[in-house]
Every structure is written in structure tokens, then in C-alpha cells.
Amino acid sequence: MPSREFHPRRRGAGRSPGLRALGAGAAAVVLASGLAACGGGDGGVPVLNWYTNPDSGGQAEIAARCTEAAEGRYTISTSVLPREASAQREQLVRRLAANDSSIDIMSLDPPFIPEFAQAGFLAPVPGDVAERVTEDVVESAVEGSTWDGELVTVPFWANTQLLWYRTSVAEAAGLDMSQPVTWDQIIQAAQDQDVLIGVQGIRAEALTVWFNALIESAGGSIIAENSTDPEQIQLGLTSEAGIRAAEVMRDISTSGQVGPALSTANEDSTATGFESDQGGFMVNYPFVYPRGLAAVEAGTLDQATVDDYAATVYPQVDAGTESAPPYGGINLGVGAFSEHPDLAYEATECITTTENQSYYFTTNGNPASDSTVYEDPEVLEAFPQAPVILQSLQQAAPRPQTPYYSEVSGGIQRVYHPTSSIDPEQTPQDATELIEAVLRKEQLL
């Protein structure tokens with residue numbers, strides 16, 4: 001899924017310096033784009049069009065910074081894609097299928113990268129660029145930028161889910177949160193204390209994210225054997241790990257501690273439940289913390305509630321087996337039909353500098369793929385959970401890397417929803433049969 005974004009504001013502070021500069025920065029991009037466009041046809045400064053996912057203006061500000069740093073070699077103009085990742089994919093695919101040369105840089109959701117690469121929509125990453133943009137980058141982000149053994153996009157920001165918990169609840173339940181905990185322990189503690197477990201059970205990409213983290217944590221994968229031929233793909237849903245993942249989903253969903261709206265629960269609604277008097281445990285993205293601070297500032301949440309927040313690494317499926325938290329975020333692709341691929345790759349290196357990733361993390365709440373960012377004092381001030389986020393990213397596993405991701409994810413969402421109805425012995429088989437039929441073009445989702 002497009003990993004969850006949130007614009008944080010520090011408690012007791014006004015707008016951050018980055019945001020105060022944002023209006024001028026975005027205006028600079030527009031002005032530079034207009035000037036370049038006017039002269040572009042007669043040898044003017046090349047305009048690089050960067051298609052971005054929606055955020056709180058951070059990518060526009062970074063574009064302005066990199067335009068200034070280019071010193072006239074190019075300017076960067078940003079255009080915002082639709083909010084839903086599937087709609088972003090659809091818009092870009094349609095234009096690239098028509099050999100659209102106006103797409104220079106794209107902010108891409110990692111699960112769609114293999115499809116774009118396999119279709120020939122991405123300009124090859126130069127070897128020297130690949131070496132530089134992967135230095136100090138967490139392995140999950142490198143994996144998410146790779147297809148068929150080659151880096152095909154540039155890692156930008158990397159998101160992951162943490163296990164959020166209320167310190168008072170964990171202490172009352174006798175859980176030692178300094179050590180890894182299992183889903184079974186979380187269920188037992190939530191039942192003992194009668195608090196909520198926050199998970200995303202909505203029939204959407206969030207459900208695939210949850211299931212993928214569980215099967216990877218159990219030692220398996222949604223796709224057991226990959227192939228560019230859809231009929232040769234072998235799924236791992238009916239494996240021991242796949243069945244174990246289904247058991248965990250069922251056990252949580254029928255635990256009595258998930259609230260009445262699990263079938264429509266997304267990241268925002270689970271965060272709301274965690275903020276309530278029944279809040280106990282939740283898997284969710286780092287936006288949860290700045291969201292809480294913003295609610296305190298707005299007077300809708302007590303400071304004591306946020307003071308009770310703590311976070312650790314994603315729960316284990318089986319005790320002693322390291323968990324594989326979700327990996328998400330955005331990577332940068334250069335369009336195969338761009339008239340300026342060399343300049344576009346130069347621009348991606350500017351966009352992903354440590355300084356820009358630190359800025360983006362602290363102002364837009366989107367964690368960095370660059371591991372050195374987590375040493376920045378401003379990052380640690382804005383996100384005290386930064387060390388846990390980094391550890392989580394180092395353990396994280398991408399969702400299935402396949403050109404047919406939409407079909408695979410869509411099949412999982414259909415069969416595993418609602419999660420309270422999962423039968424670990426039958427649901428994995430039903431999902432396997434549906435997805436295989438879709439891949440063989442014998443059935444439609």
C-alpha cells in the first residue's frame with residue numbers, strides 16, 4: 001500500500017522552518033517551470049517533470065531546493081498524482097504505454113515497480129548512480145527498488161509499521177516489552193486488560209500488507225516461485241507459513257478485542273481506537289506519534305495519553321523467529337521516454353540526499369531510506385521512535401515483487417476478507433485457486 005503519510009507539528013512550536021520556506025519553495029518551482037517552458041522550445045533550460053504522490057508539500061520544496069542546486073542545468077516541475085496508489089499506477093501506465101516523453105521522474109509505490117520495469121517503462125539506472133544511491137540505504141529499500149537482480153529505481157523514503165502499545169497496559173499485563181513479543185502474547189494481554197488490538201482489516205491494500213508481514217514473519221512468502229510468465233508463478237499461501245499466517249489473522253479477528261468495525265478498519269480508524277480509553281496495542285505507521293501530538297495541541301487528546309505511547313518492533317508470529325515488518329514508502333523512477341534521462345538521474349541524487357531525506361522525515365513524517373538520517377538530532381527530536389523505525393526497516397520484507405502484483409493482491413483482498421471468517425485450512429486454498437485462475441485469464445477479479 002502507499003505507505004501512510006502525516007504532516008507532524010511539534011508540540012508547543014509553530015510551523016517548522018521547512019514549512020515556513022515551503023510556500024516560497026513551491027512558488028519557485030512554479031516560476032522556474034513557467035520560465036523554462038517559455039524558452040524550452042528554443043534551447044532554454046530543460047524542465048524535468050516530477051510526478052509525485054500527495055504529501056504535505058515536501059516534494060515540491062525538495063524540487064525547489066534541487067532546482068536551485070542545479071544552477072541552471074535544469075529546473076524541476078512537480079505534478080501531483082491521485083491519492084490512491086492504484087489510481088497513481090493507472091494514470092502513469094496509460095501515459096507511459098503511449099510513450100509519453102513528458103514523464104521524467106516518478107514517485108512510485110514499491111509493489112508496482114516490477115510491472116513498470118518489466119514493461120520497459122523505466123530508463124536504466126547508470127551503474128555509478130546505482131552505487132551512490134544505495135550507499136547507507138536500508139536493505140529493504142534496496143530490495144524494493146530492484147527487479148530481476150538489478151536496481152531499477154532510486155530509493156527515496158521507506159515506511160514501516162511498528163507495534164505501538166500503551167505503557168500502562170503492557171505493565172499491567174506483565175509484558176516485558178524490552179524483549180520481542182508474539183501475536184499470541186498480545187492477544188492474551190489485550191483480553192486480560194480488556195483493551196483493543198488495532199489491525200487493518202479493511203478490504204484494501206492494507207489487508208495485503210498485514211497478511212504479507214505475517215507470512216514473511218512465519219518464514220514463507222506469498223509467491224513461492226516467481227516468474228515473468230503468469231502461468232508459471234507458484235504461490236505459497238497453502239504452505240505451513242501461509243496457514244500459520246491465516247491462523248494469526250483469524251485468532252486476532254475473533255479475539256473479541258478488535259472492535260466491531262474490523263472489516264472496514266484502516267490506518268486512521270485504528271489510530272483513533274488507540275487514542276481512546278480502550279487503546280492497548282496496535283500495528284501502524286510512524287504517523288501515529290505526530291498525529292497524537294497534533295491532537296494534544298488541538299485540545300482533543302490529553303497529553304497523558306500520548307505520554308503513555310511507546311513503540312517496539314512488529315510482533316513475532318512464532319516465538320524466537322524474527323518478525324518481518326511491512327515495508328513501504330516511495331522510490332524514484334526515471335521515465336524510459338524522457339528526453340533528459342541523465343539530468344533526471346542527477347536530479348534523483350539531489351532529491352535523495354541525506355539532508356533532503358532528513359527534511360522530509362521531520363516535516364512530512366515520511367521515514368528515510370538512508371540509515372544515517374536516523375542519527376540526526378532533529379529527527380530524533382521529532383520522532384523519539386526513530387531507532388525502532390530503523391530496526392524495523394532493517395528487518396522489513398517487501399510485498400511480492402511481480403509484474404502481476406495487482407492480480408495477486410486483489411485476490412488476497414477478496415478471499416481473506418472479512419478476516420473473522422478465515423478458515424486456515426480452506427481460505428489459503430481458495431485464494432490460491434482464484435489468483436491462479438486470474439493469472440491464467442480464466443477469471444476476473
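**Arginines over rings, a mixed sheet and one disulfide**

In this predicted model, Arg 65 places its charged end over the ring of Tyr 359, at 4.2 Å from the ring centre. A second arrangement of this kind involves Arg 166, whose charged end sits over the ring of Phe 274, 5.8 Å from the centre.

Aromatic residues also meet one another: searching the whole structure turns up eleven aromatic pairs. One of them joins Trp 183 and Tyr 314, with ring centres 5.7 Å apart and planes at 80°, so this pair is edge-to-face. Trp 183 belongs to helix H9 (residues 183–193), while Tyr 314 sits in the loop between S12 and strand S13 (327–334), so the contact ties together parts that are 131 residues apart in sequence. Trp 183 and Tyr 314 are both buried. Elsewhere, Trp 50, Phe 156, Trp 157 and Tyr 360 come together as one aromatic cluster.

Helix H9 is worth a second look. Besides Trp 183, its buried residues include Ile 186, Ile 187, Ala 189 and Ala 190. The cover over the buried residues of H9 includes strands S7, S8 and S11, along with helix H8 (167–173), helix H10 (205–217) and helix H11 (240–253). Just past the end of H9, Asp 194 adopts a positive phi of about 55°.

Those three strands also turn up in an open sheet of four, ordered S8-S11-S7-S12 and with mixed pairing. Strand S8 (196–198) and strand S12 (309–312) are the edge strands; each has a single partner, so one side of each is left without a neighbour in the sheet. On average, neighbouring strands here are turned by 20° against each other, ignoring direction. Further in, strand S7 (residues 162–166) and strand S11 (residues 279–284) run antiparallel to each other and are paired over four bridges. Within this pairing, Trp 164 faces Met 282 of S11.

As for covalent cross-links, the count comes to one disulfide. It is formed by Cys 66 and Cys 350, with the sulfur atoms 2.1 Å apart. The torsion about the S-S bond of Cys 66 and Cys 350 is about -95°, so the disulfide is left-handed. Cys 66 lies in helix H3 (residues 58–70) and Cys 350 in helix H15 (residues 341–351), so the bond ties together parts that are 284 residues apart in sequence. Both Cys 66 and Cys 350 are buried.

Another buried residue is Gln 88, with a relative accessible area of 5%. Gln 88 is part of helix H4 (residues 85–97). Leaving aside residues up to four places away in sequence, Gln 88 touches Asn 53, Pro 54, Leu 81, Pro 82, Arg 83 and Ser 107.

A few backbone details round things off. Asn 99, in the loop between H4 and strand S3 (105–108), has a positive phi of about 60° despite not being a glycine. Asn 99 counts as partly exposed, at 48% relative accessibility. Lys 441, in the segment after H20, is another non-glycine residue with a positive phi, in this case about 65°. Lys 441 is exposed, with a relative accessible area of 76%. Finally, His 417 and Pro 418 are joined by a cis peptide bond with omega about -5°, and Pro 418 lies in the loop between helix H19 (405–415) and helix H20 (427–439).

Notes:
Residues numbered from 1 in each chain as written. Predicted model: local features only at pLDDT ≥ 70, side-chain atom pairs only at ≥ 80, totals over all residues. Heavy atoms only, no water. Pairing = 2+ DSSP bridges. Helix = DSSP H or I, 4+ residues; strand = E, 2+ residues; numbered from the N terminus. Axes fitted to C-alpha atoms, helices over the stretch in contact; angles between N-to-C directions. Phe/Tyr/Trp six-rings, centres within 6.5 Å; stacked < 30°, edge-to-face > 60°. Buried < 20%, exposed > 50% of the residue type's maximum accessible area, 1.4 Å probe, protein only. Lys NZ or Arg CZ within 6 Å of the ring centre and 35° of its normal. Contact = heavy atoms within 4.5 Å. Disulfide = S-S within 2.5 Å.
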